[in-house]
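Colleague: I am new to this structure and would love a close look at a single part of it. Could you walk me through the aromatic rings and where they sit?

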Amino acid sequence: MAENETGAAGTGGASAYWRANLRLLGGLLVVWFAVSFGAGILFRDFLDRFSIGGYPLGFWFAQQGSIYLFILLIVIYNWRIHRIERRYQLDDDDVDPPGPPG
Amino acid sequence: METQTLIYLFVGASFALYIGIAIWSRASSTSDFYVAGGGVNPVVNGMATAADWMSAASFISMAGLIAFLGYDASVYLMGWTGGYVLLALLLAPYLRKFGQFTVPAFIGTRYYSKTARVVAVICLIFISFTYIAGQMRGVGIVFSRFLDVDITLGVIIGMAIVFVYAVLGGMKGITYTQVAQYCVLIFAYMVPAFFLSFMITGNPVPQFGLGSQVNDGSGLYVLEKLNLVLGDLGFGAYTDGSKSTIDVFCITLALMVGTAGLPHVIVRFFTVPKASDARKSAGWALVFIALLYTTAPAVGAFARLNFIDTVNETSYVEAPAWFRNWESNGLIAFQDKNGDGVMQYRAGDPFSGAPEFGEGSGPSGERIVINDPVTDSANEVYVDRDIMVLANPEIGNLPGWVIALVAAGGLAAALSTAAGLLLVISSSVSHDLLKSTFRPGISEKGELLAARIAATAAIVVAGYLGIYPPGWVAQVVAFAFGLAAASLFPAIFMGIFTKRMNREGAIAGMVSGLAFTFLYIAYFKLWQPDANVAANWLFGISPEGIGVVGMLINFAVAIAVAKVTERPPAVVDALVENLRVPRGAGVAQRH
């Protein structure tokens with residue numbers, strides 16, 4: 001993937017980091033939209049034909065599932081963006097004081 | 001011990017705790033006052049954000065709304081949680097990296113304009129006061145029912161408490177008080193929910209209980225039974241909504257974007273040490289919020305079932321004690337239209353308008369309702385949705401200490417949000433209006449004093465709104481979210497994600513989004529309330545959801561104006577570059 005950019009710093013690294021960030025954001029926001037507006041609202045009638053326990057599926061997404069998935073999305077974002085930041089050496093882990101070598 | 005004694009004990013103990021924390025964490029600098037010194041742990045901040053965010057409306061009203069709206073209430077559940085995804089991904093880390101005290105400060109600096117800053121302050125003050133007025137109604141309801149005091153005295157007690165920790169402690173005091181308040185409110189919410197879930201389904205976890213079978217031997221799932229029971233009484237099915245799809249869509253989106261644009265929520269992410277902590281903190285906030293928000297649908301459904309079970313076809317003489325408690329507060333009423341002394345609960349309004357009570361009592365001992373009965377409905381029972389959570393422990397016949405706990409929790413929810421709102425109002429007055437716009441020479445000590453005076457004045461105004469609630473308060477809650485969605489969110493979002501957005505575009509966008517949304521809501525809610533029906537709405541979008549259109553107008557106007565005006569100066573380009581990376585000046589120095 002972006003291996004050759006590893007360790008790049010300055011403007012080039014920052015803009016590559018920003019592009020990677022936007023790609024990640026885009027993907028996660030598609031899921032955000034799909035689970036709430038998609039499953040919970042637009043396709044609810046269709047999904048309600050199936051059920052989880054006593055929950056009609058569309059209703060479950062609207063009142064339970066989308067909330068759990070929102071948390072998952074933030075967790076995934078934190079995990080992925082941290083890796084991207086480390087790749088471009090832009091994370092703020094060791095701002096104060098400077099981190100140990102290696 | 002008697003329930004009333006327990007209530008005084010629980011509420012008194014929790015108030016003592018909040019004040020103790022406020023004195024211990026007193027603010028001594030403007031940085032302490034505005035952003036708690038910027039050193040709050042992300043988990044702690046997440047908890048404080050959750051308490052800040054979950055107001056009397058979440059704690060008291062939401063489960064009641066769900067109980068009576070069924071699927072339609074999903075707009076609140078998704079809308080008030082989905083906004084945290086936007087916050088964590090699109091706003092919080094960048095605003096933290098920017099590293100100032102207030103939302104207008106970001107807008108003023110990014111758009112190199114005092115005008116933009118003042119426009120943002122106006123949006124912020126309007127949003128916050130609309131919101132705080134609603135909190136005061138919550139405080140009034142809880143106090144009058146549980147502390148057995150006059151609403152006026154209740155509001156004054158609440159104001160005094162908030163005064164101590166908001167004015168003395170500032171953000172630092174509020175943060176740690178809100179952590180305590182979160183613990184009180186979530187415990188108070190979960191305990192009755194566990195009891196109810198266990199009683200009705202045999203499964204103590206409400207999130208699973210709502211998807212389980214009712215343990216009455218019928219083999220029906222909770223939602224199936226609810227649909228059946230409601231159908232028999234003439235209501236629509238619980239799991240189907242009555243709102244149109246476009247309206248549900250727009251309200252949900254307006255609430256999500258509005259949440260991400262609410263100043264008292266955004267400002268909490270300024271209090272953590274690092275940009276990456278702001279993201280983590282948003283995640284923790286959502287975890288703590290989700291605990292209540294995934295429980296609320298269960299509480300709502302169980303409460304509705306219980307209510308129908310205990311009230312419908314019960315003779316008034318045998319009515320449970322809680323029914324009379326709430327009847328004496330005017331939040332429940334019984335009008336015996338067919339004169340059989342038995343309460344028939346059906347779809348439709350029992351009588352027109354809110355209940356007005358006459359002198360004396362009726363044949364069964366009920367309070368006489370003098371409203372005109374609605375003749376085409378067999379319904380005889382009026383119930384205010386707000387009582388569902390507060391009355392739940394009584395409806396479920398739970399022990400006295402649970403009732404006392406819920407009283408303390410409801411007050412914690414209302415007071416924590418009121419304090420957070422007062423703080424953003426006072427910071428934007430002292431920091432954005434005085435220090436940055438009209439009196440730049442003010443000393444830090446003078447600024448801190450001004451912040452405290454502004455907070456005091458805001459408390460007085462909020463208290464006044466609580467004691468003499470103007471009729472429009474209940475009508476305009478949609479304002480807070482709609483205006484935040486249509487004004488602040490697009491300006492912040494474009495400030496981070498497009499370098500091309502300039503001063504002219506941002507101001508034009510904010511003003512047009514704000515004006516459109518304001519006029520639309522005011523037209524249907526204040527000026528022509530009779531015209532507020534789906535047929536008259538623009539694209540079938542209700543005033544609650546119109547913030548989405550306002551937001552689109554804001555984006556469109558801003559982009560169009562920015563295209564025909566000058567690029568922002570190079571220094572702003574550099575500012576945006578810097579915002580976008582979590583690591584700050586450190587990188588430049590190292591290389």
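Modeller: Happy to! A word on terms before we start: helices are DSSP runs of H or I with at least four residues, strands are runs of E with at least two, and both are numbered from the N terminus. Please keep in mind that this is a predicted model.

With those terms, chain B has 24 helices and six strands. Its radius of gyration is 25 Å, close to the 25 Å that the globule rule gives for 591 residues, so chain B is as compact as a globular protein of that length. Along the principal axes, the C-alpha atoms of chain B fill a box of roughly 80 × 55 × 45 Å. Of the 591 residues in this chain, 62% count as buried. If you look at contacts in chain B with a separation of 6 or more, 81% of them are between residues 24 or more positions apart. The accessible surface of the chain is about 20,200 Å², and carbon and sulfur atoms account for 63% of that.

Now for the rings. Searching the whole structure gives 35 aromatic pairs over all chains. One of them is made by A:F37 and B:F249, a tilted pair with 4.7 Å from centre to centre and 50 degrees between the planes. Here A:F37 belongs to helix α1 (residues 10–42) of chain A, while B:F249 belongs to helix α12 (residues 245–261) of chain B, so this pair joins two chains. How buried or exposed are the two partners? A:F37 has a relative accessible area of 0% and is buried, whereas B:F249, at 21%, is partly exposed. The cut-off helps here: buried means under 20% relative accessible area.

Another pair to find in the view is B:F235 with B:Y345, also tilted, with 5.5 Å between the centres and 40 degrees between the planes. This pair links distant parts of the chain, 110 residues apart. B:F235 is in the loop between α11 (222–232) and α12 of chain B, and B:Y345 is in the loop between β3 (342–343) and β4 (357–361) of chain B. B:Y345 counts as buried, with a relative accessibility of 3%.

Which cluster do B:F235 and B:Y345 belong to? Ring pairs link them with B:F307, B:Y316, B:W322, B:F323 and B:F334. If you pick out these residues in the view, you can follow the cluster from ring to ring.

Technical notes: Residues are numbered from 1 along each chain as its sequence is written. Chains are lettered from A and ligands numbered from 1 in the order in which they are written. This is a predicted model: local features need pLDDT of at least 70, side-chain atom pairs count only at pLDDT 80 or more; totals for chains, interfaces and linings use all residues. Side-chain values use heavy atoms; hydrogens and water are left out. The radius of gyration is taken over C-alpha atoms; the globule rule is 2.2 Å times the number of residues to the power 0.38. Buried means under 20% relative accessible area, exposed over 50%, partly exposed in between (1.4 Å probe, protein chains only). Contact means heavy atoms within 4.5 Å. Accessible areas come from the Shrake-Rupley method with a 1.4 Å probe; for residues, only the protein chains shown count as cover. Rings of Phe, Tyr and Trp (its six-membered ring) pair if their centres lie within 6.5 Å; planes under 30 degrees apart count as stacked, over 60 as edge-to-face and the rest as tilted.
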